[in-house]
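Please open the model in your viewer and keep the sequence panel visible beside it. The tour below moves from one selection to the next.

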Amino acid sequence: MSVGDLYICNVNIYGRQTEGKVPSDELMNVHIFVCVWVCVCVCVCIQMSWHPPYRSSKFRHVYGKPAGKDQRYDGLPITRAVHDNHCCAVNPCFIAVVTECAGGGAFIVISIRRTGRVDPHHPRVCGHRARVLDIKWDPFNDHRIASCSEDCTVKVWDIPNSGLKENIITARKELLGHSRRVGLIEWHPTAKDILLSSAYDYQVFVWCLDGAGSVVKTPVCVIHLHTDLVLSLGFNEDGSRLATTCKDRRVRIIDPRTGQLLQESGGQSHKASKVVFLTDLNLLLTTGNSCWNQRQFALWDPEDLSEPLLEEDVDGGSGVLFPFYDPDTHMLYLAGKGDGNIRYYEVSAEKPYIHFLAEYRSPLPQKGMGVMPKRGLRTKQCEIFRFYRMVCVKDLVEPLSFTVPRKFDGFQEDIYPMTAGNEAAMTAQEWLKGHNKGPVLMSLRPNTKVQNPYPAPVDVNELQRSFSSTSLQKPSGPNEAFLRLSQSSEYDCTDLTGWHEDGTQENEWSNTHPTHTPTETWWCESAEFTPPAVEKELLQVFYSQQEEIQSLRSQLEQRDSRIQQLELEVKNIRNQMRASF
């Protein structure tokens, strides 16, 4: 019985029983209680069923804008391989594209600023004996790129600063170990010289590249947990966990150092093909197909893969959906192979988790996608993401920028937070020993440096003593050599060569500089003196950490007081409701 039926029934009963009579107190109380209950239920239903017409978001009006004809890369013989990889890699210096090659495999490397028609005789990297299947730039070296091929090898190449002037045949590193063609490679996100590879032998190898030899035959770890072809690999933010999807429909989370299986999905309904960590939200996203052959994406809890948190169908297309996630803006991009459209969403940690924003559409289908790192974006134009679409039907690579419309031309702090830079947080040996560190962050504001959250441990008192010893103070006697600040440029306050920690100086100084009487004034302003860069930066990091700790403490205190205030308000509301009933 609904609330409306209960109310009508109460009115009819009350009318029949009170016809020509004075209603009793008990009947009057029952009638009042029913009416109040109906009103409360109606208010609750209205509150639960009401939703705002749109979700408030600063990325609600993000739009995609393709580059003009003069900003494209035309005349590229893009590979015709059917392997489900991007076949395109981009960094702020170069763009690399896998190309067709008669006899062997090759890819081309072009300067990112050299747009327009590409010379058909442009030099290439052609050291593989079979078709190249995947390429990836080193995230900490813009001039080093890794490639894998059907010849069962993985190779690492050095690209000259000025680009390719001739064909490169000899690789810097050659990784031998797979027995079948290698289809996937992935760099570690925070550790230097760590590379993963996966082949058609169902194995995943972890390679360490910090050795001196040019040929590496023994990986540091072999992961042999998969029973079929591995379709994709993905690290979490600090590289301590590895997520994989396999042709057996299972999603696995693995410890990449030991190869131990941590989590595994059932794989009954969702057939996952690509996987990506939503690191800042502690979620895992996969794209694939449903049991009805509908393209869909699924959201998982990395700590429990028994069933997905969310499954949502996209369309009935047949191409693979490539997911791209931006942790700085919490935006998810889905681009289908063979499609001309790109859907983008905003992700949150609360239900319904994923919110559709808009869709970019183009008549030209894409075969693969390259993504520019955040440090290569145009912040003055409010660009938050940039794709490089490979269009095989026209042999071109088309840049596609996603922009937040803003009228203000300055730097936008709210859409450009601190992001991962191009400096490694640790070495390969540190990672192999079990250390976990997040990425070294940098600001996208112009003329800023990478902020390293992991400075070397130093004694603060010793650092301050060292800083004070190198500072220039007023001398106490004529034997102490200090620079005299005069209107002439005879002396340089920043020239500290020959100084010792005890404040004395070598004898050569007296031979090269004129002597002065002790009655003259010796001094140097602090603004003219620049302390050593390392000590200055360490002090800045130390003081910034102290300020951050104090701000966090104040926030915690405010949060506790706010919780107590809310608890009191809840108690007052409950007492008022009890008094009203």
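**Strand E18 and its two neighbours**

In this predicted model, begin by selecting strand E17 (residues 230-235) together with E18, which run antiparallel and are joined by 5 bridges. Within this pair, look for Gly234, which stands opposite Ala243 in E18. Next, follow the chain from one strand to the other: E17 and E18 form a hairpin with 6 residues between them, and Gly239, located in the turn, has a positive phi of about 75°.

Now select E18 alone, residues 242-246, and ask how many of its residues are buried. The strand is mostly covered, with 5 of its 5 residues buried. Showing the side chains separates two directions: Leu242, Thr244 and Cys246 point one way, whereas Ala243 and Thr245 point the other way, and all are buried.

Add strand E19 (residues 251-254), which pairs with E18 in the antiparallel sense over 4 bridges. Here Thr244 is the residue to centre on, since it stands opposite Arg252 in E19. These two strands, E18 and E19, also form a hairpin, with 4 residues between them, and Arg249 in the turn has a positive phi of about 75°.

**A loop residue**

Finally, move to Ser348, found in the loop between strand E27 (341-347) and strand E28 (354-361). Is Ser348 buried or exposed? Ser348 counts as buried because its relative accessibility is 15%, and the cut-off for buried is under 20%. Display His355 as well, and a polar contact of 3.2 Å can be traced between the side chains of Ser348 and His355.

Conventions: Residues are numbered from 1 along each chain as its sequence is written. This is a predicted model: local features need pLDDT of at least 70, side-chain atom pairs count only at pLDDT 80 or more; totals for chains, interfaces and linings use all residues. Side-chain values use heavy atoms; hydrogens and water are left out. Buried means under 20% relative accessible area, exposed over 50%, partly exposed in between (1.4 Å probe, protein chains only). A polar contact is a pair of N or O atoms within 3.5 Å; within protein, one must be able to donate a hydrogen and the other to accept it, and residues adjacent in sequence count only if both atoms are side-chain atoms. Two strands pair if DSSP finds at least two bridges between them.
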